[in-house]
Amino acid sequence: MTPPDYDYLRKLLKDHSGLDLSADKQYLIESRLLPLSRKCGLPGISELVLKMKGGSAAITTQVVEAMTTNETFFFRDKAPFDHFRDTIMPEILQARASRRSIRIWCAASSTGQEPYSLAMCLREMSAAIAGWRIEIIATDLSQEVLEKSRSGIYSQFEVQRGLPIQMLVKYFKQNGELWQVNADLRAMVQHRQLNLLHDFSQLGTFDVIFCRNVLIYFDQDTKINIFNRLAKATEPDGFLVLGAAETVVGLTDVFKPFPERRGLYRPNGARAAPARSAAAGVAAPKVAAMAGR
Ligand SMILES: C[S@@+](CC[C@H](N)C(=O)[O-])C[C@H]1O[C@@H](n2cnc3c(N)ncnc32)[C@H](O)[C@@H]1O
């Protein structure tokens, strides 16, 4: 790969997905894009770049998707799901007792292990939420990972990562070497393609936002910009959950850390913008009501 090709790719990736590559990541680009160029029947990365310069949107999408890191697994890091069950849900159930509806957004949800982990947590507290309307919206930049997430089909290896065996037996069906999330659990998660670099105000506001292990790839200004918009998308008494290596501290004060709960944040009351009603002006997503399930 020539230095101009590398510069072109770095800028393209930054503009399209926020991925901030340092000057020495040629090996990463080569390891991800050489297989793609072969798949496209092209001799190398320079030819991929030429196609993109020629305006091939399909190649650009494939390049951006090939360069994103989709690593995820069920109940990743465990603690966020403990916080969800023991801290977030009890508070939200109390605060929303009159309206009996909860909106959860799993931003950068990859192949679905994170939103389905949340759905399983909710199922495990079905008595407390009987009759409640609960939405889980899973979004990602990549259509490819969203498709897999929608299918809810995972390999033996994938279900062995983080998923307790009782949950596997309870919420999945085996089909040969593969496992599929049960239809009723799949129906609890709505999927949408969404780039966090773009406006997401049309999603409305949420009681809980999981935005984990994606901001880590972005530069500081991009993180601040996204935090500011996430704060507007979080109800004033809602929660933001970040990945283990991510924090708002030192970047912005629109969120404040929740005491003694690593990775958990709340909008900073003094700063958070007034909440917009989810019902008002939102392109109504198909709602997976949990009532009676
Ligand atoms: C490492 S995975 C994290 C998955 C999950 N949140 C977790 O913590 O296990 C990062 C995901 O972010 C997505 N992503 C990368 N850039 C994005 C962007 N600009 N907007 C939305 N999603 C993005 C990738 O496609 C990938 O699926």
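Which polar backbone atom is 2.8 Å from a nitrogen atom of the ligand? Look for it in the close-ups below, all taken from a predicted model.

**View 1. A backbone partner for the ligand at Ala108.** Here's the reply to our opening puzzle: a polar backbone atom of Ala108 lies 2.8 Å from a nitrogen atom of the ligand. Ala108 also belongs to the residues that come nearest to the ligand, along with Ser17, Thr72, Asp140 and Asn213.

**View 2. Side chains reaching ligand oxygens.** Zoom in on Asn213, where an N or O atom of the side chain is 2.7 Å from an oxygen atom of the ligand. Now hop over to Arg76: an N or O atom in that side chain is 2.9 Å from an oxygen atom of the ligand. So how much of the ligand's 600 Å² does the protein bury? The protein covers 98% of the area that the ligand exposes when taken alone.

**View 3. The shell around the ligand.** Count the neighbours and you get 20 residues around the ligand. Sorted by class, they come out as 6 nonpolar, 9 polar and 5 charged.

**View 4. The largest pocket, home of the ligand.** This is where the ligand sits, and the pocket holds about 420 Å³ of space. Its lining is made of 23 residues, with Thr69, Ala108, Asp140, Asn213 and Val214 closest to the centre. By class, the lining splits into 9 nonpolar, 9 polar and 5 charged residues. Spot some familiar faces: Ala108, Asp140 and Asn213 are also among the residues that come nearest to the ligand.

Definitions and conventions. Residues are numbered from 1 along each chain as its sequence is written. This is a predicted model: local features need pLDDT of at least 70, side-chain atom pairs count only at pLDDT 80 or more; totals for chains, interfaces and linings use all residues. Side-chain values use heavy atoms; hydrogens and water are left out. A residue is near a molecule or strand if one of its heavy atoms lies within 4 Å of it. A polar contact is a pair of N or O atoms within 3.5 Å; within protein, one must be able to donate a hydrogen and the other to accept it, and residues adjacent in sequence count only if both atoms are side-chain atoms. Accessible areas come from the Shrake-Rupley method with a 1.4 Å probe; for residues, only the protein chains shown count as cover. On a 1 Å grid over the protein atoms alone, a cavity is a set of points where a 1.4 Å probe fits but cannot get out, and a pocket is an open set with protein on both sides within 12 Å along at least five of seven lines; lining residues have an atom within 4 Å of a point. A molecule sits in a cavity or pocket if more than half of its atoms lie within 2 Å of its grid points. Ala, Val, Leu, Ile, Met, Phe, Trp, Tyr, Cys and Pro count as nonpolar, Asp, Glu, Lys and Arg as charged, and the others, Gly among them, as polar. Grid points are joined across faces, edges and corners, and a volume is the space filled by probe spheres set on the points.
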